[in-house]
Amino acid sequence: MPGVSARGLSPEERRQLAVNLTRVLALYRSILDAYIIEFFTDNLWGTLPCSWQEALDGLNPPQLATLLLGMPGEGEVVRYRSVWPLTLLALKSTAYALAFTRTPGFQTPSEFLENPSQSSRLTAPFRKHVRPKKQHEIRRLGELVKKLSDLTGCTQVVDVGSGQGHLSRFMSLGLGLKVKSIEGNQRLVERAQRLDQELLQALEKEEKKNPQICAAWATASGTGSPSAAEPGDPPGPPGPGEPCGGLLQPGTSSGPAGRDADSAGPAAVPSGAGLPC
């Protein structure tokens with residue numbers, strides 16, 4: 001299935017692509033935001049236009065893949081059993097035109113050249129339990145949020161739908177942002193809390209093994225003791241500007257070009273920031 005690649009597009013072409021994507025997503029939000037199970041629990045099938053229902057009713061999954069996604073089997077010819085409504089054909093054509101390519105057209109990011117499963121730009125605490133793709137995502141997104149926060153004077157970040165807290169944990173403890181995490185799934189909240197505890201225990205062990213590193217970092221950063229927590233904040237891991245906070249700082253290795261332009265350095269963060277609430 002062909003698709004769009006943002007590489008090679010001019011800034012204006014990228015802006016127009018974003019506008020087109022936003023329009024389509026807004027127009028079909030009721031379908032695109034739905035989970036498959038909601039077609040049964042909320043009768044989303046009944047909200048489709050009658051002409052769509054007539055065209056799609058009775059098709060099995062392989063037939064839907066062939067007709068909607070353009071994925072015919074070997075030697076199979078795409079044949080419509082009836083004339084499809086123009087609105088459905090228009091959505092299919094638009095999805096084809098705006099879909100991003102699934103064919104890799106880029107080199108392996110420099111952070112994964114040494115080890116394809118571990119980002120060299122993240123320290124071990126932020127890589128643990130995180131797949132390589134997610135490591136790349138939380139680093140890039142976290143550094144973007146940090147840059148925008150610095151430019152706009154933003155003092156607090158809210159991570160809505162924080163899941164297991166990987167991004168919140170990196171923004172708070174790795175980049176020095178004050179982060180509040182919101183997650184509605186209790187199972188994910190409990191998982192995030194367990195990961196927080198693992199990080200605390202890892203830092204305690206590292207402090208016992210290398211007290212000189214913590215002392216040196218405290219001297220270099222000008223902090224003699226952890227900053228006081230705000231009222232109502234639970235005690236949490238030290239921030240990047242606190243003793244042993246340097247153990248959480250990502251390395252500066254990033255390939256031939258050095259650090260990315262949007263990379264952020266150490267900054268103080270209140271204790272307890274970033275823990276899921």
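Lysine 146 is buried, at a relative accessible area of 8%. I start there, on a predicted model, and work outwards from that residue.

The partner of lysine 146 is aspartate 150, and their side chains form a salt bridge at 3.5 Å, N to O. Aspartate 150 counts as exposed, with 52% relative accessibility. Both residues sit in helix α8, four residues apart, which separates them by about one helical turn. In general, an α-helix has 3.6 residues a turn, so residues three or four places apart point the same way.

There is a second pair with this spacing in α8. Glutamate 137 and lysine 133 are also four residues apart in the helix, which runs over residues 132-152, and so are about one helical turn from each other. Their closest N and O atoms are 2.4 Å apart, and the two form a salt bridge. Glutamate 137 is partly exposed at 33% relative accessibility, while lysine 133 is exposed at 60%.

Now the helix as a whole. From first C-alpha to last, α8 reaches 30 Å with its 21 residues, close to the 30 Å expected at 1.5 Å a residue. Which residues of α8 are buried? They are Gln135, Ile138, Arg139, Gly142, Glu143, Lys146 and Ser149. These buried residues lie on the same side of α8, because the arc they cover around the axis is only 125°. Lys133, Leu151 and Thr152 are exposed on the other side. The cover over the buried residues includes α7 (124-127), β1 (157-160) and α9. After α8 comes glycine 153, with a positive phi near 75°.

Two of those buried residues, Arg139 and Glu143, come up again in a network of salt bridges that links them with Glu111 and Arg121. The count of salt bridges in the model comes to nine.

One more of these joins two helices. Aspartate 196 and arginine 169 form a salt bridge, with closest N and O atoms 2.9 Å apart. Aspartate 196 is in helix α10 (residues 186-209) and arginine 169 in helix α9 (residues 166-174), so this pair ties together parts 27 residues apart in sequence. Aspartate 196 and arginine 169 are both buried.

Next, a buried acid without such a partner. Glutamate 183 is in the loop between β2 (179-182) and α10. This residue is buried and has no salt bridge; arginine 187, the nearest side chain of opposite charge, is 8.3 Å away. What does the side chain of glutamate 183 have within reach of a polar atom? The backbone nitrogen of glycine 163 is 2.7 Å from a polar atom of that side chain, and the backbone nitrogen of serine 162 is 3.4 Å from one. Leaving out residues up to four places away in sequence, glutamate 183 touches Gly161, Ser162, Gly163, Leu188 and Val189.

Last, a residue elsewhere in the chain. Tryptophan 45 is found in the loop between α3 (38-41) and α4 (50-56). Its relative accessible area is 29%, so tryptophan 45 counts as partly exposed. With residues up to four places away in sequence set aside, tryptophan 45 touches Phe39, Gln53, Leu56 and Asp57. For aspartate 57, which is 12 residues from tryptophan 45 along the chain, the C-alpha atoms of the two are separated by 9.8 Å.

Methods:
Residues are numbered from 1 along each chain as its sequence is written. This is a predicted model: local features need pLDDT of at least 70, side-chain atom pairs count only at pLDDT 80 or more; totals for chains, interfaces and linings use all residues. Side-chain values use heavy atoms; hydrogens and water are left out. A salt bridge is a side-chain nitrogen of Lys or Arg within 4 Å of a carboxyl oxygen of Asp or Glu. Helices (H or I, at least four residues) and strands (E, at least two) are DSSP runs, numbered from the N terminus. Buried means under 20% relative accessible area, exposed over 50%, partly exposed in between (1.4 Å probe, protein chains only). Contact means heavy atoms within 4.5 Å. The expected span of a helix is 1.5 Å times one less than its number of residues. The arc is that of the directions from the helix axis to the C-beta atoms. Lys and Arg count as positive and Asp and Glu as negative; His and the chain ends are not counted. A polar contact is a pair of N or O atoms within 3.5 Å; within protein, one must be able to donate a hydrogen and the other to accept it, and residues adjacent in sequence count only if both atoms are side-chain atoms.
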